[in-house]
Amino acid sequence: MALGDSYSSGPVIPPQADPVTCLRSSVNYPGLVAQSPEVDVFRDVTCGGAPTSNLTTPQPANPPGSGRPL
């Protein structure tokens, strides 16, 4: 699992995997790690603008039950 703010999420780096809420690029560093053949399961929940408090609570753009990462 990858956690992080905009430094990790790769905002405006095309192609965008989540262009609306988290500005997460599919070729950010976590996305590149996930493509490694040694990685079986990986979840990238990086999100642009995420403060430390979002480690345990959803961002306003990602309310509980929305299906979007915390």
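Let's start at aspartate 44, which counts as buried because its relative accessibility is 17%, below the 20% cut-off for that class. This is a predicted model, and aspartate 44 is a good place to enter it: the residue sits in the segment after α2 (29-34) and forms a salt bridge with arginine 24. From there the tour goes on to serine 25, then to leucine 3 and a nonpolar patch on the surface.

**The overall fold**
- The protein has 2 helices and 2 strands, and along the sequence they come in the order α-β-β-α.
- Of its 70 residues, 27% count as buried.
- The exposed surface comes to about 4500 Å², with carbon and sulfur atoms supplying 62% of it.
- If we take the contacts between residues at least 6 apart in sequence, 43% of them join residues at least 24 apart.

**Aspartate 44 and the salt bridge**
- How many salt bridges does the structure hold? There is 1 salt bridge in the structure.
- In the pairing of aspartate 44 with arginine 24, the closest N and O atoms are 3.9 Å apart. Aspartate 44 belongs to the segment after α2 and arginine 24 to strand β2, so this pair ties together parts that are 20 residues apart in sequence.
- Is arginine 24 buried or exposed? Arginine 24 counts as buried, because its relative accessibility is 8%.
- The side chain of aspartate 44 also has polar company: a 3.0 Å polar contact joins it to the side chain of asparagine 28, and another, at 2.7 Å, joins it to the side chain of threonine 46.
- Setting aside neighbours within four places in sequence, aspartate 44 is in contact with Ala2, Arg24, Asn28, Pro30 and Gly31.

**Serine 25, in strand β2**
- Serine 25 lies in strand β2, which covers residues 24-25. It counts as buried because its relative accessibility is 1%.
- What does the side chain of serine 25 reach at 2.9 Å? The partner is the backbone oxygen of isoleucine 13.
- A polar atom of the serine 25 side chain also lies 3.0 Å from the backbone nitrogen of valine 27.
- Not counting residues up to four places away in sequence, serine 25 touches Ser9, Gly10, Ile13, Pro14, Pro15, Gln16 and Ala17. Isoleucine 13 therefore appears twice in this picture: it is among the residues touched by serine 25, and its backbone oxygen is reached by the serine side chain.

**Leucine 3 and the nonpolar patch**
- Leucine 3 is found in the segment before α1 (6-9). It counts as exposed, because its relative accessibility is 53% and the cut-off for that class is over 50%.
- Together with Met1 and Leu55, Leu3 makes a nonpolar surface patch of about 360 Å².
- Which residues does leucine 3 contact, leaving aside its neighbours within four places in sequence? They are Ser8, Val45, Thr46 and Leu55. Leu55 is thus one of the contacts of leucine 3 and also one of the residues making the patch.
- Leucine 3 and valine 45 are 42 residues apart in sequence, yet their C-alpha atoms are 5.5 Å apart in space.

**Where the topics meet**
- Threonine 46 links two of these groups: its side chain makes a polar contact with that of aspartate 44, and the residue is also among the contacts of leucine 3.

Note on methods:
Residues numbered from 1 in each chain as written. Predicted model: local features only at pLDDT ≥ 70, side-chain atom pairs only at ≥ 80, totals over all residues. Heavy atoms only, no water. Helix = DSSP H or I, 4+ residues; strand = E, 2+ residues; numbered from the N terminus. Buried < 20%, exposed > 50% of the residue type's maximum accessible area, 1.4 Å probe, protein only. Polar contact = N/O pair within 3.5 Å; in protein donor to acceptor, adjacent residues only side chain to side chain. Contact = heavy atoms within 4.5 Å. Areas by Shrake-Rupley, 256 points an atom, 1.4 Å probe, with all protein chains shown as cover. Patch = residues over 30% accessible without salt bridge, like charges linked within 9 Å, V, L, I, M, F, W, Y side chains within 5 Å. Salt bridge = Lys/Arg side-chain N within 4 Å of Asp/Glu carboxyl O.
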